[in-house]
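Open the model in your viewer with the cartoon representation on. The tour goes from the whole chain to a metal site, a sheet and a pocket.

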Amino acid sequence: MPNSAPESYVYCPRCGTPLVTRLVTDKARRACPDCNFIYFTDPKVGVGALVVEDGKILLVRRRMMPEAGKWSIPAGYVDHGEDPAVVAVRETLEETGLEVAIGELINVYFNEEATDSGASIFILYRAERLGGELQAGDDADEAAFFGPDELPELAFASTRDAVRWLYKQRPADSV
Ligand SMILES: [Zn+2]
């Protein structure tokens with residue numbers, strides 16, 4: 001359960017007064033008794049691109065925690081003010097070297113057990129390769145296409161769900 005009142009947040013970012021914990025709407029939150037700033041623990045949002053070619057799915061091996069060493073869909077975090085579709089294009093380019101165009105929304109996943117370093121909401125788009133050369137980079141140390149019978153160890157429930165969805169919707173010989 002995400003902490004809605006992180007006690008490690010000591011001072012008001014707006015006026016510097018020590019924060020207190022109090023009930024705001026339905027949750028205990030850190031709040032400033034002086035200027036009424038309230039710290040709302042916003043969900044961390046991730047976005048990924050599902051690229052499929054010849055029945056094979058594009059995956060990257062994660063260099064970073066969480067789930068370092070396992071394979072996931074190319075993905076990244078959405079920062080404040082960013083369009084998730086734009087982030088998906090950028091992250092795919094950085095992690096795989098491929099330029100893609102974003103297609104349909106496949107699903108929005110909710111991960112109740114996400115830690116502070118993981119996304120609790122994950123948006124997955126289908127994407128189509130426009131160009132580029134397959135070349136791992138950024139948070140990925142390998143990038144490759146995998147068929148349904150040759151999948152590596154997958155990171156994240158969302159990646160496993162997406163892979164299952166893909167091969168149920170479209171058996172490998174018809175993708
Ligand atoms: Zn304040």
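Helices and strands here are DSSP runs, of at least four residues for a helix and at least two for a strand, numbered from the N terminus. In this predicted model, the elements of the protein chain then run β-β-β-β-β-β-β-α-β-β-β-α from the N terminus on. That gives two helices and ten strands.

**Whole chain**

Start with the C-alpha trace, which spans about 60 × 30 × 30 Å along its principal axes. Colour residues 1–41 and 45–174 separately: the domain assignment makes these domain 1 and domain 2. Their centres, taken over C-alpha atoms, are 34 Å apart.

**The zinc ion**

Which residues donate to the zinc ion? Select Cys-12, Cys-15, Cys-32 and Cys-35 and show their side chains; the SG atom of each is a donor, lying 2.3 Å from the zinc ion. Angles among the four donor atoms run from 101 to 118°, and the site is tetrahedral. For comparison, the ideal angle for four tetrahedral donors is 109.5 degrees. Read along the sequence, the spacing of the donor residues is C-x2-C-x16-C-x2-C.

Now keep just Cys-15 and Cys-32 in view. Cys-15 belongs to the segment before E1, and Cys-32 to the loop between E2 and E3, so this pair ties together parts that are 17 residues apart in sequence.

**The three-stranded sheet**

Select strands E1, E2 and E3, which form an open antiparallel sheet in the order E1-E2-E3. Why is one side of E1 and of E3 left without a neighbour in the sheet? Strand E1 (20–24) and strand E3 (38–39) are at the edges and each has a single partner strand, so one side of each stays unpaired in the sheet. Turn on backbone hydrogen bonds here, because strands of a sheet pair through them.

Begin with E1 and strand E2 (residues 27–31), an antiparallel pair with five bridges. Pick Arg-22 and its bridge partner in E2, Arg-29. Then move to Val-24, whose bridge partner in E2 is Lys-27. The hairpin of E1 and E2 has two residues between the strands, and Thr-25 takes a positive phi near 50° there.

Next go to E2 and E3, which pair in the antiparallel sense over two bridges. Select Ala-31 and its bridge partner in E3, Ile-38. This hairpin has six residues between the strands, with Asn-36 at a positive phi near 70°.

**The largest pocket**

Finally, show the surface and look for the largest pocket, which holds about 690 Å³ of space. To centre the view, select Pro-66, Tyr-77, Gly-118, Ala-119 and Phe-156, the closest to the pocket centre of the 33 residues that line it.

The elements that each give two or more residues to the lining are:

- strand E4 (45–53) and strand E7 (75–77)
- helix H1 (84–96) and strand E8 (98–110)
- strand E9 (121–132) and helix H2 (157–169)

Which element gives the largest share of the lining? Select H2, which contributes five residues. Colouring the lining by residue class gives 15 nonpolar, ten polar and eight charged residues.

Terms used:
Residues are numbered from 1 along each chain as its sequence is written. This is a predicted model: local features need pLDDT of at least 70, side-chain atom pairs count only at pLDDT 80 or more; totals for chains, interfaces and linings use all residues. Side-chain values use heavy atoms; hydrogens and water are left out. Two strands pair if DSSP finds at least two bridges between them. Domain bounds come from an automatic or database domain assignment. On a 1 Å grid over the protein atoms alone, a cavity is a set of points where a 1.4 Å probe fits but cannot get out, and a pocket is an open set with protein on both sides within 12 Å along at least five of seven lines; lining residues have an atom within 4 Å of a point. Grid points are joined across faces, edges and corners, and a volume is the space filled by probe spheres set on the points. Ala, Val, Leu, Ile, Met, Phe, Trp, Tyr, Cys and Pro count as nonpolar, Asp, Glu, Lys and Arg as charged, and the others, Gly among them, as polar. Donors are N, O and S atoms within 2.8 Å of the metal (3.2 Å for Na, K and Ca); water is not among the atoms, so sites may look incomplete. Four donors count as tetrahedral if all angles lie between 85 and 135 degrees; four count as square planar and six as octahedral if opposite donors are over 155 degrees apart and all others between 65 and 115; anything else is irregular.
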